[in-house]
Amino acid sequence: MDGGTTSTAPADAPNASPAPLSPHPDRLLPSDPAQRAIARRLYESVRDLPLLSPHGHVDPATLAADDPFPDPAALLVTPDHYVTRLLHAHGVPLHELGLPDRDGAPVAPPREVWRAFCSHWHHFLGTASRQWIESELHDVLGVRVQPSAATADALYDELVAKLAEPGMRPRALYESFNLEVLATTDDPADDLRHHRALAADPSWSGRVIPTFRPDRYLDATSSDWPAALDRLAEASGIDTGSYQGLVRALEARRDFFRENGATATDHSAPDPEMAFLPEADAARLFDAVRKGEAAPEGARLLSRQLLGENARMAAEDGLVMALHTGSCRNHHTPTFARYGPDTGHDIPTSTEFTRALRPMLERFGTHPRFQAVVFTLDETTFSRELAPLAGFYPAMYLGAPWWFLDAPRAMRRFRDAVTETAGFHRTSGFIDDTRGFCSIPARHDTARRVDAGHLAGLVAEHVLSEEDAAQVLRDLNDSLPRKAFRL
Amino acid sequence: MDGGTTSTAPADAPNASPAPLSPHPDRLLPSDPAQRAIARRLYESVRDLPLLSPHGHVDPATLAADDPFPDPAALLVTPDHYVTRLLHAHGVPLHELGLPDRDGAPVAPPREVWRAFCSHWHHFLGTASRQWIESELHDVLGVRVQPSAATADALYDELVAKLAEPGMRPRALYESFNLEVLATTDDPADDLRHHRALAADPSWSGRVIPTFRPDRYLDATSSDWPAALDRLAEASGIDTGSYQGLVRALEARRDFFRENGATATDHSAPDPEMAFLPEADAARLFDAVRKGEAAPEGARLLSRQLLGENARMAAEDGLVMALHTGSCRNHHTPTFARYGPDTGHDIPTSTEFTRALRPMLERFGTHPRFQAVVFTLDETTFSRELAPLAGFYPAMYLGAPWWFLDAPRAMRRFRDAVTETAGFHRTSGFIDDTRGFCSIPARHDTARRVDAGHLAGLVAEHVLSEEDAAQVLRDLNDSLPRKAFRL
Amino acid sequence: MDGGTTSTAPADAPNASPAPLSPHPDRLLPSDPAQRAIARRLYESVRDLPLLSPHGHVDPATLAADDPFPDPAALLVTPDHYVTRLLHAHGVPLHELGLPDRDGAPVAPPREVWRAFCSHWHHFLGTASRQWIESELHDVLGVRVQPSAATADALYDELVAKLAEPGMRPRALYESFNLEVLATTDDPADDLRHHRALAADPSWSGRVIPTFRPDRYLDATSSDWPAALDRLAEASGIDTGSYQGLVRALEARRDFFRENGATATDHSAPDPEMAFLPEADAARLFDAVRKGEAAPEGARLLSRQLLGENARMAAEDGLVMALHTGSCRNHHTPTFARYGPDTGHDIPTSTEFTRALRPMLERFGTHPRFQAVVFTLDETTFSRELAPLAGFYPAMYLGAPWWFLDAPRAMRRFRDAVTETAGFHRTSGFIDDTRGFCSIPARHDTARRVDAGHLAGLVAEHVLSEEDAAQVLRDLNDSLPRKAFRL
């Protein structure tokens, strides 16, 4: 019987003494004895490096306000759609997980949310979420027993008390996590008050930077688009009633974000295709879509044109363009109607890059100022399209495994698929992409372990030396994210 | 030199003493010493569990009649299109493998079929079929030498004698295989006489249940469709000359199948897309297709509508809907014309699920009675589409690796690709999908070994405890197939 | 610290004593101790077998002229688009790598090209190119230090001297590489003077055979097509102004190639689809395209028709048809305009085979004389399409991993994906596909190591015996390439 992570009996089994929670020091390192010794040394060499988080979804208000986290359900369950989706698949309605229900079902109180989570804990066996949460519980929150139906209430009380400690406040955690920089994801109309408050606070030495995420202003197919343009006009003081106006407003807000520390923009779209129409054509198309006189293909083309316009801006202002495309958002309309977006049913789709990125790369692929980081949810494109592209175009970095793919085995497949074509130095370094502030160290630690293990495999097969592997691992955690995101 | 499975010299090599056949007790377990010890313990813990076979193609007459199998060619070669296709690829015409030829070539007698198989045995090295057949020959049939041109005749005689023993009859084998339930695949017009005979036989304690497979009644693109509707009308006593009539006839036959033990329906289609037209539109479309007045797209749409109608029925009657889509059937028309269907040239195609399943999941994805198990031949969809879908929708189980993917390395890729997103408990458990009754234990044993090995890898990397791994492995072989197929 | 391959400090780091270059004898073999011992024995058993190179891009003039290679840049950097593309991705313009620039930038002299390469050597860590070049430098050229900015000049001088030695001439290397046959890739209008000169040279005992590569004569979508037809008419003495004329000219050149030793034709196309129109329709289509009166789809259809016509010819003359499809050539138009083709930006695309190959396989899939070897850049098709097709059709071999996939991890994925369905004996054996004559032994050695390791894994998991594995490995390096390419 293994000495590390120990058992969680199923919820319905009697549970004499609660199973201990003790993540093994060698977890996620390869079990092959030759590889493990090397992997341990490599991992140790980067374990304590500062964390660079160039892409994620932490609310900047969390750090600006520095309020304590109220309870474990609010910290670990309700806001984490990786967790709520799997509980939902096992039959727990989302309002029983703390999500407000527009149909009026009562929202469960946090203790009940926590009980639901704990009683389904064994259903997370083998998932990335379980590994992150085990680390958070153990390393950040000091928990020493596994969640289960039997331990749920005691754990709840223990965690409520723990979260009230001063060392558990967001700013104190930022320090203890050894974060060097944390990028948030922000609406172009945002006034960035929290970022500015933090920057102006002499008692705060961290670095929290915004990221310009203009999806809703570019998506001309959405019924919310006209209202979004109005909001942007208000925020920028520029009339967005024309194509040129919208472009100028976006440029103005990009400038505002840059002045407040942004180094990148972030883009979600159904696919990565961009259009580069002559300005007069774009203006005519904009007018037709605004008046509701364009066919659906017209609105899609305009969206692609606006994405392309952001690429052009990036080549001018130097903000790195991060592309996160290929998700079918809000797949289950009834759930979207009741619980809103980001509730666990954004489903990946097959994505094509070779032809789709060509117009962008024809224009900017060798541009000295332009830089893009391209992410995917479709791992078939790693070896077939993205590694060959990043292995030629100096302006394109290949983004680390993202979302459903930011888990140990998927990360290994990523390295296996891309390294032989593109090497390590055309990849972006890890991004945590998290909404859960406390999961940041666990996620980076997972990536460091997996990359250490991958490199140890190459060393054990004499593909590279341990000294070179150590340098590569350091680059992945230091120089590469700095370069890819111009941190 | 390894002590286990030993060599098969190529057919043309001189062969002094025949190579022994002795499958190694540790076969298919990981070779890493840390992993193998764990894998052995895990495998031992489920090795002797009863077999649940919720999907396969065994003829129920085999068990109802309980006649002995006549010879090894009829048992292992002629009916197994995994075997005949590879022999065909190596140049053996199908009539030399026992398949009747409509062009009139003489069908080889069984001894010659067996010789052809044995002399090509080395061409199966590394295939799943070879591993299954080695287990069948050794464990079920007591064979101790490898097939080869030199051993073919002696083996043939040995096996003919063996198959005449009473313990080799199908019912005796059912007992010795430790089968608990065996689902067959049946035509909706079938009278299920064999299932009823078995159920009524006081000397028989097994459980053989039918599965409702209505493909030919739903495929309105086929020239055989009108005749199929007539047959269904006859079996159901309901006029199938209208859309409503066809729907009522299908419902009646589903009821008949349920009354005779069915828990599931099974559907093969080129792709998993369904339509949900208003009934009046569907009725009009049906009439047009029946009269030959619809365009080909109309017939395709009607097929999708009829598949969707079965989903609606499933939400009402609770039969689990198994989807096996994505095969291009009868790829080589000349072979189809000479030898008929299921002759080894059904070739998988790229399959899309995220958009295709959306109409079904919008309607029934959170329905309390509806349940679907979704299989694929396109492994790229495991991480990209199927695990995310099964990780959100309570009504959808992710089917185990199927057909070309039900082999050890493919099964490992399946677990690697899906577990981090969906865990283990949103997957269906193994299905053997076999036409070869005697291959059932070997196929389940392979799956148990591979899952034990996969879990041992996770234990050795401290991702989960050995106790949890043992519980997961038991669930995969017991509670999960029961739940996924409502056994 | 590992005893094998040792470190390359990054270019910007101070480098006291240069890192030694000493490829480990066990490189690329699995690190698992049980597997490695088996893998070593298997590898040893084929290490010294003669090299069969049925597909590659070595210039036959190299061997006919037998001139010494001038310098290491011309040998290892400038002509190798695997190398130049990654240097380009790291910011080195192609004219600084020795490529003539039509825009007039000065082409760097070879010593500077070599410096650029050496100073970026660490960016190749983990790539297939690095492993090949390490072997070439060490085994062929006697180098004992790693390239780096610090060692570049000394290495350059050392290599220039080395390349002047008589044993470094191409014919001497051919002997010391133990090459048995080397296929080149040639234009149908080529007069094959170098092949004929070699064949007529009594002092030369090697075998250098041409391959018929008619892409430019089949691609009716290209603006160069009319000129190509004129060239073919001149070479064949047959008027190519009609469809029938073009067909006859192609047939005549195929005959000429066969008379000069060719055993195969080779075809690159955007996708593998072929057309088989009635001759009169094809002739009309040809006339319309020639006159510029056809729509773009017409030119595409004609290209497919001409490819299909080559399949028909192959069924008659017995030349093996190698298909290398699925690349988007010259992705970056500005680079193509400045530096021409084959400059590192041919990018793979998703490729479909099941439906696309059907017309060809319907006609010739069981033809006794026809034979095709199908390659892909889209590894998703290995398990889904190509292994099932090669596992049924006797006329189709599954080509070894190619281009971006001819690297150790990708080769392992290939074997994992195809063997369980198609076995080993429906695959083609390794092809090196190289432009770099001196990389041939390193590439074959890599494949032998990887296949030995893969087979060792199967032996260690008791899937096959070591004796069988040794026979399979010999077949992969001997009988299979001979059969697949009719050498």
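What follows is a short tour, in questions and replies, of helix packing, chain contacts and salt bridges in a predicted model.

Visitor: Why are helix 12 and helix 14 of chain B called oblique to each other?
Guide: Their axes cross at roughly 45°. Roughly parallel means under 35 degrees, and roughly perpendicular means 65 to 115. The crossing fits neither range, so the two helices are oblique. Helix 12 covers residues 243-259, helix 14 covers residues 296-317, and their axes come within 11 Å.

Visitor: Which hand does the crossing of helix 12 and helix 14 of chain B have?
Guide: It is right-handed.

Visitor: What makes the contact between helix 12 and helix 14 of chain B?
Guide: Helix 12 brings residues including B:Tyr243, B:Leu246 and B:Arg254. Helix 14 brings, among them, B:Leu302, B:Glu309 and B:Met313. By class, the contact has 8 nonpolar, 2 polar and 6 charged residues.

Visitor: What is the angle between helix 12 and helix 14 in chain C?
Guide: They pack at about 45°, with axes 11 Å apart. That makes helix 12 of chain C oblique to helix 14 of chain C. The crossing is right-handed. Among the residues that meet are C:Leu250 in helix 12 and C:Leu306 in helix 14. The classes are 8 nonpolar, 2 polar and 6 charged residues.

Visitor: Why are helix 1 and helix 20 of chain A oblique to each other?
Guide: They pack at an angle of about 40°. Under 35 degrees would count as roughly parallel, and roughly perpendicular starts at 65, so the pair is oblique. Helix 1 holds residues 33-46, helix 20 holds residues 466-477, and the axes lie 10 Å apart. Their crossing is right-handed. Helix 1 contributes residues including A:Ile38, A:Leu42 and A:Val46, and helix 20 contributes residues including A:Ala469, A:Leu473 and A:Asn477. The contact divides into 7 nonpolar, 2 polar and 3 charged residues.

Visitor: Why do A:Arg304 and A:Asp271 count as a salt bridge?
Guide: The distance from N to O is 2.7 Å. The cut-off is within 4 Å, so the pair qualifies.

Visitor: What does the pair of A:Arg304 and A:Asp271 tie together?
Guide: A:Arg304 lies in helix 14 of chain A, and A:Asp271 in the loop between strand 4 and helix 13, so the pair ties together parts that are 33 residues apart in sequence. Over all chains, the search finds 126 salt bridges.

Visitor: How many residues does each chain give to the contact of chain A and chain C?
Guide: Chain A gives 45 residues and chain C gives 60. The buried area is about 4,400 Å², and carbon and sulfur atoms give 53% of it. A:Phe392, A:Glu420 and A:His462 supply 19% of the area that chain A buries against chain C, more than any other three residues.

Visitor: What makes C:Arg409 and A:Glu461 a salt bridge?
Guide: Their N to O distance is 3.8 Å. The limit is 4 Å, so the pair counts. The interface of chain A and chain C has 5 salt bridges by the rule.

Visitor: How large is the area buried between chain A and chain B?
Guide: It is about 4,400 Å², with 53% from carbon and sulfur atoms. Chain A puts in 59 residues and chain B 45.

Visitor: Why do B:Glu461 and A:Arg412 count as a salt bridge?
Guide: The N to O distance is 2.7 Å. Pairs within 4 Å count, so this pair is a salt bridge. Across the interface of chain A and chain B the rule finds 5 salt bridges.

How values were computed: Residues numbered from 1 in each chain as written. Chains lettered and ligands numbered in written order. Predicted model: local features only at pLDDT ≥ 70, side-chain atom pairs only at ≥ 80, totals over all residues. Heavy atoms only, no water. Axes fitted to C-alpha atoms, helices over the stretch in contact; angles between N-to-C directions. Helix = DSSP H or I, 4+ residues; strand = E, 2+ residues; numbered from the N terminus. Left-handed = near helix turned anticlockwise from the far one by under 90°. Contact = heavy atoms within 4.5 Å. Nonpolar A, V, L, I, M, F, W, Y, C, P; charged D, E, K, R; others polar. Buried area = accessible area lost by both parts, 1.4 Å probe. Salt bridge = Lys/Arg side-chain N within 4 Å of Asp/Glu carboxyl O. Parallel < 35°, antiparallel > 145°, perpendicular 65-115°, else oblique.
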